[in-house]
Amino acid sequence: MNIPAKRGNVALSCLQIKNIQARHLGPLSLTVSSDAAISLRGQSGCGKSLLMRAVADLDPHLGEVMLDGVPREEFSGPQWRKKIGYLPAVSQWWGDYVREHFDEEKIDQDQIPKWLAALGLKQAVLEAATATLSSGERQRLALIRLLANRPQVLLLDEPTASLDPENVTRVEALVGDYQHQQRCAVVWISHDHQQLQRVASRHFVITQGRLIAQEVAWR
Amino acid sequence: MALITLTPWDLSLAALLIVALAVLSFQMQLGLSRSILIAALRTVIQLMLIGLVLKFLFNTTHPGWIVLVSVMMLLAAGREVMVRQQRRFSGTRSFMLGTLSLFISTVVVTLLVLTVVISADPWYSPQYAIPLLGMLFGNTMNGIALGLDRLTQTAWQQRDVIEARLILGQTSQQSISDIRRESIRSGMIPIINAMAVAGIVSLPGVMTGQILAGAAPMDAVNYQILIMFMVTAGTGFGTIFAVTMGARHLFDDRERLRLDRLHKAIV
């Protein structure tokens with residue numbers, strides 16, 4: 001169950017959300033197919049985070065979520081959350097050093113050096129104290145920390161909010177590459193309409209607890 | 001060496017110290033005068049009552065009475081653990097958690113000491129059982145209350161960190177491991193410190209009491225060492241048990257952080 005389902009050339013790694021209901025949100029349903037990105041907008045407090053938290057199974061709520069047709073209940077909470085790569089708007093760093101937040105076995109081999117380079121970070125940043133990181137470094141490292149779990153879905157809550165234009169481009173490119181390679185489903189939350197137009201193929205907005213599909217990523 | 005008996009008049013003189021403290025705290029607007037006087041009054045009434053109970057118990061060695069007194073002490077200590085939590089588990093869970101932890105650590109340690117170490121005859125002799133239980137409940141209660149309070153408060157403040165770790169696929173117990181460790185430490189450190197300074201900075205209560213009552217200093221010291229070991233073991237095991245159970249109950253079966261299971265005490 002750890003390998004993204006890829007039977008023949010048919011992509012199956014899709015995220016299905018059915019009748020999710022949490023506080024003032026929903027019920028709402030949504031399907032994101034594999035190797036596809038959708039955009040999600042809405043005013044602050046409209047329930048974007050509630051939806052992300054529900055999909056990642058962080059709060060009690062109603063509704064079903066399935067990955068490749070397998071219901072969430074087939075997995076333990078931690079197993080599920082590893083598959084659902086949720087990147088909250090603000091990253092948290094509990095250890096004194098960046099390195100402590102990565103799996104020791106994976107940190108040197110694997111893709112991490114490649115991803116660091118792709119986001120304009122030096123390998124040495126792994127040895128840095130977390131207190132010395134800039135907000136932009138934190139945001140990029142949080143993405144790499146998340147990708148290290150090899151999630152099959154990415155829920156990105158304003159992943160470029162504190163980045164300069166050059167790094168915004170880098171993050172968009174890395175997420176795009178990861179999406180194609182892993183054939184994963186991506187939900188991209190942002191207030192930047194042009195960015196959403198670039199990164200996503202379908203667009204949605206949440207108003208008054210309901211999900212509305214839109215032709216383009218602005219009104 | 002005969003014990004000099006204290007008269008009510010002697011105690012009234014000592015009470016003047018408390019009154020003086022209450023007056024000073026009133027003038028300094030510390031907001032403590034009422035608490036000081038009520039607590040002092042409670043000390044007098046509660047100790048008088050337990051004195052009467054002990055007088056009765058020492059004249060009877062029926063185990064039923066000893067069990068009854070022990071259970072009442074346990075419930076009172078369990079309630080005290082609960083009311084010291086700023087954020088408590090809702091419902092009866094908070095009371096049960098504290099009481100169960102007290103019961104497991106204290107009762108096991110006391111039974112062990114009464115039967116194996118002291119070997120009184122009968123082993124439940126109230127003269128040994130009740131004071132030992134009292135010492136243990138009093139100290140273990142402090143450790144458990146400190147540990148649980150630290151656990152729930154820190155979990156509340158660091159909910160974002162705990163959830164960030166859950167989001168990355170850590171198990172509930174991995175995500176709270178640092179907080180759990182710090183909470184257990186904060187429950188145990190006072191008693192470890194007390195052991196470290198015993199005899200140098202402070203003359204502990206049991207020893208002081210026995211010496212005042214005319215016991216030979218070395219006998220008093222031996223009992224004090226026994227009590228220190230019991231209290232430390234009881235506090236340590238009780239705090240570890242309470243904090244571990246508490247840390248589990250902060251999460252549900254999907255390993256989601258459930259701070260809605262806590263409610264803030266109305267102070």
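So, confidence in chain A: this is a predicted model, and the mean pLDDT of chain A comes out at 90, with 93% of its residues at 70 or more. Element by element, strand β9 of chain A, residues 153-157, has the highest mean pLDDT, 97, and strand β1 of chain A, residues 6-7, the lowest, 43. Around there, residues 1-11 of chain A have pLDDT below 50. That stretch still has 16 contacts in the model beyond near neighbours in sequence, so to speak, on paper.

Okay, staying with chain A, let's look at a sheet. Four strands of chain A make an open sheet, in the order β4-β3-β6-β7, and the pairing is antiparallel. Which strands stand at the edges? Those are β4 (25-32) and β7 (70-71) of chain A; each has a single partner strand, so one side of each has no neighbour in the sheet. If you zoom in on the β7 end, strand β6 of chain A, residues 62-67, pairs with β7(A) over two bridges, in the antiparallel sense. A:Met66 has A:Pro71, in β7(A), as its bridge partner.

There's a helix on that sheet too. Helix α1 of chain A, residues 48-55, packs on it and touches β3 (15-22), β4 and β6 of chain A. The direction of helix α1 of chain A makes about 120° with that of β3(A).

Right, over to chain B. Here we have ten helices and two strands, and from the N terminus the elements go α-α-α-β-α-α-α-α-α-α-α-β. The C-alpha atoms of chain B fill a box of roughly 70 × 55 × 40 Å along the principal axes. Of the 267 residues in chain B, 33% count as buried. And if you take contacts in chain B between residues at least 6 apart in sequence, 73% of them join residues at least 24 apart.

The domain assignment splits chain B into domain 1 (1-59) and domain 2 (63-264), and their centres, over C-alpha atoms, are 26 Å apart. Seven residues of domain 1 of chain B and eight of domain 2 of chain B take part in the contact. What classes of residue does domain 1 of chain B put there? Seven nonpolar, no polar and no charged residues, on the side touching domain 2 of chain B.

Last bit: where the chains meet. Chain B and chain A give 15 residues each. On the chain B side, helix α6 of chain B (residues 159-167) gives the most, seven residues. By class, the side of chain B touching chain A has five nonpolar, three polar and seven charged residues.

Definitions and conventions:
Residues numbered from 1 in each chain as written. Chains lettered and ligands numbered in written order. Predicted model: local features only at pLDDT ≥ 70, side-chain atom pairs only at ≥ 80, totals over all residues. Domains from an automatic or database assignment. Contact = placed C-beta atoms within 7 Å. Nonpolar A, V, L, I, M, F, W, Y, C, P; charged D, E, K, R; others polar. Buried ≥ 20, exposed ≤ 12 C-beta atoms within 10 Å, placed from the backbone. pLDDT = per-residue confidence, 0-100. Pairing = 2+ DSSP bridges. Axes fitted to C-alpha atoms, helices over the stretch in contact; angles between N-to-C directions.
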